[in-house]
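The exercises below ask you to read a single chain step by step, from its overall make-up down to individual side chains. Try each task with the model in view before reading its solution.

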Amino acid sequence: MATSTRTRERGPAMGRPAFRRSRGDGPFRFASTAAGVALLAIMAAIGVFLVVKAVPALQANTSHFLTELTWQPNATKPAFGIGALAFGTAMSSLLALIIATPVAIGVALFISHYAPRGLASVLGYIVDLLAAVPSVVYGLWGVTFLVPFVQGPWEFLNTYFGWIPLFGGDQVVGRSMLTAGLVLAIMILPIIAAISREVFLQAPKMQEEAALALGATRWEMIRMSVLPFGRPGVISAAMLGLGRAMGETIAVALIFPATFTISFRILGPNGNSIAANIANGFGEATPIGTGALIASGLVLFLITLLVNMGARFVIARRKEYARAAA
């Protein structure tokens with residue numbers, strides 16, 4: 001039977017069927033295009049606003065903004081920089097990502113391929129609820145329970161593993177870089193686990209059944225079929241969690257000791273972040289101080305953009321990953 005040309009015609013470029021347009025195609029295309037343009041315009045407006053507000057403070061700054069470790073924008077001669085803040089932001093976020101990602105992948109695999117359906121549904125709901133918990137709750141829990149609790153384990157790490165530079169140092173405190181990274185890891189773990197779970201559930205069932213039929217164990221089936229398929233989704237989930245960790249404010253503001261030093265000793269009283277510094281200093285800031293905080297926010301904005309661009313680059317290096325992420 002010949003196909004009606006009024007209902008379907010061959011696409012000139014791809015050589016595949018192109019369906020006849022309906023009346024709703026034009027308005028839908030306009031609305032979707034307008035939404036994309038509006039998103040770009042909002043991002044550009046945010047960038048322009050941050051630049052305009054930050055320029056006066058940067059002109060009044062008497063030190064190098066990118067490398068200075070002190071933060072005194074309210075002084076008679078303002079001197080401030082984001083060297084220590086950027087380091088603390090990156091260090092705590094990387095610690096959170098290293099801690100959270102393996103656990104989140106394990107939770108996602110357990111829910112999607114090991115747990116009984118009833119238990120998997122309950123655990124899925126719990127993971128989704130944890131992702132919706134406000135950050136201030138995590139911060140209060142961290143400062144009231146976690147900080148006193150980890151004092152002993154951190155001293156153990158310092159005593160027996162102090163030869164590792166990260167765990168070295170003469171002073172060990174609960175409010176440290178590692179504690180902040182642990183709180184951030186607990187915060188981003190539900191996000192990574194929820195997205196990874198949905199990606200793993202979309203793995204081709206025929207490939208899984210074929211692997212099992214050939215005699216593979218369940219773990220071998222997961223390693224050969226599920227993990228390769230879900231790798232781009234896991235990368236995207238990890239980058240989304242990293243973005244939240246880098247922009248987290250209240251939780252780390254309650255945990256960090258608010259120092260302006262660069263140190264790789266994650267058990268000592270060292271650490272601060274751009275977002276936490278904005279939250280702690282905005283209330284008492286002068287006009288120059290406000291501009292300095294906005295300038296640091298601009299740096300965080302750019303770092304977040306670079307992180308997301310890097311994630312897209314990693315996925316785009318493989319054609320099958322780019323097709324899955326598109």
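Throughout, a residue is called buried at under 20% relative accessible area, exposed at over 50%, and partly exposed in between, with a 1.4 Å probe and only protein chains considered. This is a predicted model, in which local features need pLDDT of at least 70 and side-chain atom pairs count only at pLDDT 80 or more, while totals for chains, interfaces and linings use all residues. Residues are numbered from 1 along each chain as its sequence is written, and side-chain values use heavy atoms, with hydrogens and water left out.

**Exercise 1. Describe the aromatic pair F156 and Y160.**

Step 1: Locate the residues. F156 and Y160 both belong to helix α5 (residues 151–160), where four residues, about one turn of the helix, separate them; helices (H or I, at least four residues) and strands (E, at least two) are DSSP runs numbered from the N terminus. In an α-helix there are 3.6 residues a turn, so residues three or four places apart point the same way.

Step 2: Classify the rings. Rings of Phe, Tyr and Trp (its six-membered ring) pair if their centres lie within 6.5 Å, and planes under 30 degrees apart count as stacked, over 60 as edge-to-face and the rest as tilted. Seven aromatic pairs are found in the whole structure. For F156 and Y160 the ring centres are 4.8 Å apart and the planes stand at 45°, so this pair is tilted.

Step 3: Assign the exposure. F156 is partly exposed because its relative accessibility is 46%, whereas Y160, with a relative accessible area of 53%, is exposed.

**Exercise 2. Test the length of helix α6 and find its kink.**

Step 1: Compare the spans. The expected span of a helix is 1.5 Å times one less than its number of residues, so the 25 residues of α6 (residues 177–201) should span 36 Å, and the 35 Å between the end C-alpha atoms agrees with this.

Step 2: Find the bend, which is the angle between axes fitted to the seven residues ending at a residue and the seven starting there. α6 has a kink of about 35° at I188, shortly before the proline P190.

Step 3: Judge the surroundings. Because 19 of its 25 residues are buried, α6 is largely enclosed by the rest of the structure.

**Exercise 3. Which residues does A295 touch, not counting residues up to four places away in sequence?**

Step 1: Place the residue. A295 sits in helix α11 (residues 287–316), and it is buried because its relative accessibility is 3%.

Step 2: List the partners. With contact meaning heavy atoms within 4.5 Å, A295 touches A54, L58 and F65. The C-alpha atoms of A295 and A54 are separated by 4.7 Å, although these residues are 241 apart along the chain.

Step 3: Follow one partner onward. F65 forms one aromatic cluster with W71 and F80.

**Exercise 4. Decide where the model deserves caution.**

Step 1: Take the average. pLDDT, the predictor's confidence in each residue from 0 to 100, averages 84 over the chain, and 89% of the residues score at least 70.

Step 2: Find the extremes. Confidence is lowest in strand β1 (residues 8–10), at a mean of 46, and highest in helix α2 (residues 83–114), at 92.

Step 3: Check the low stretches. Residues 1–15 have a pLDDT below 50 and 15 contacts beyond near neighbours in sequence, while residues 321–326, also under 50, have nine contacts beyond four places in sequence.
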